[in-house]
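Grab a pencil and have a look at the model below. Then try the exercises before you read the solutions.

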Amino acid sequence: MGIFKECADIKTADMLPDLKVPNVTFHNVVVQPTQHQKEMVADLSKRAVKVQRKEVPPEQDNMLCITNGGLKIGSDSRLINPLLLDEPGTKVSVCVDNVHKTHLDATPQKSTQLIFCDFSTPKNNGFFNVYDDIRDKLVAKGVAKEEVAFIHEFDSEDKKKELFSKVRQGKVQVLLGSTATMGSGTNMQNKLIALHDLDAPPRGVPQKSDKLHVAFI
């Protein structure tokens, strides 16, 4: 960082009083857990007690695994048990409803939305993932499949430039990605009306949108 400061002119917001920043409306949507989620979290508590009492070796179970499991359960129980049925009122279903409503309201302007999801990125291995579930649900509600894209499907700089161009034009109206792949360096804000954080980072929700920001907790 020291070497970087020697060759870069760094300005912070308080040093630029005339800096134009987006006006953001934040909405934190609290989704109640399903019965399956409650049962799974109770099981995590039992595992945590065993770990704290050192009743299991760390290579068999540890707090990192338990925390990771809790984050997955919070997103969708099927990330732990793919045999479970889809349930209404989950974080993913509520997100889809919000995205679809915004999509209908913004269709005449071809406004775009971003969905940030760090867990369950698509691996193309046939297992359940949140990304495909969201796209399938949006398509079932009438959104054209070609208007919903995953940034992970564009694996080169040229492909990403083409994707960002489509987002700026409104040809892709819903784009899903993780914080690592879509959190910075993306030039696609022209028609952006909303973004949705399915698993908001613990450091706080970043202001990535100029209209509406929805975080699910």
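Here come three short exercises, each with a worked solution.

This is a predicted model, where local features need pLDDT of at least 70 and side-chain atom pairs count only at pLDDT 80 or more, while totals for chains, interfaces and linings use all residues. Residues are numbered from 1 along each chain as its sequence is written, and side-chain values use heavy atoms, with hydrogens and water left out.

**Exercise 1.** Find Asp-133 and work out whether it is buried or exposed.

Solution. Start in helix α5, residues 130-140, where Asp-133 has its place. Its relative accessibility is 10%, so Asp-133 counts as buried (buried is under 20% relative accessible area, exposed over 50%, partly exposed in between, with a 1.4 Å probe and protein chains only).

**Exercise 2.** Which residues is Asp-133 in contact with, leaving aside its neighbours within four places in sequence?

Solution. Contact means heavy atoms within 4.5 Å. Going through the chain, you should get Asp-76, Arg-78, Val-92 and Phe-128 for Asp-133.

**Exercise 3.** Look at Phe-150: the charged end of which residue sits over its ring?

Solution. First, the test: NZ of Lys or CZ of Arg must be within 6 Å of the ring centre and within 35 degrees of the ring normal. Next, check Arg-135: its charged end sits over the Phe-150 ring, 3.9 Å from the centre. Finally, note the surroundings: Phe-150 is buried, and Tyr-131 is too.

Technical notes
Helix = DSSP H or I, 4+ residues; strand = E, 2+ residues; numbered from the N terminus.
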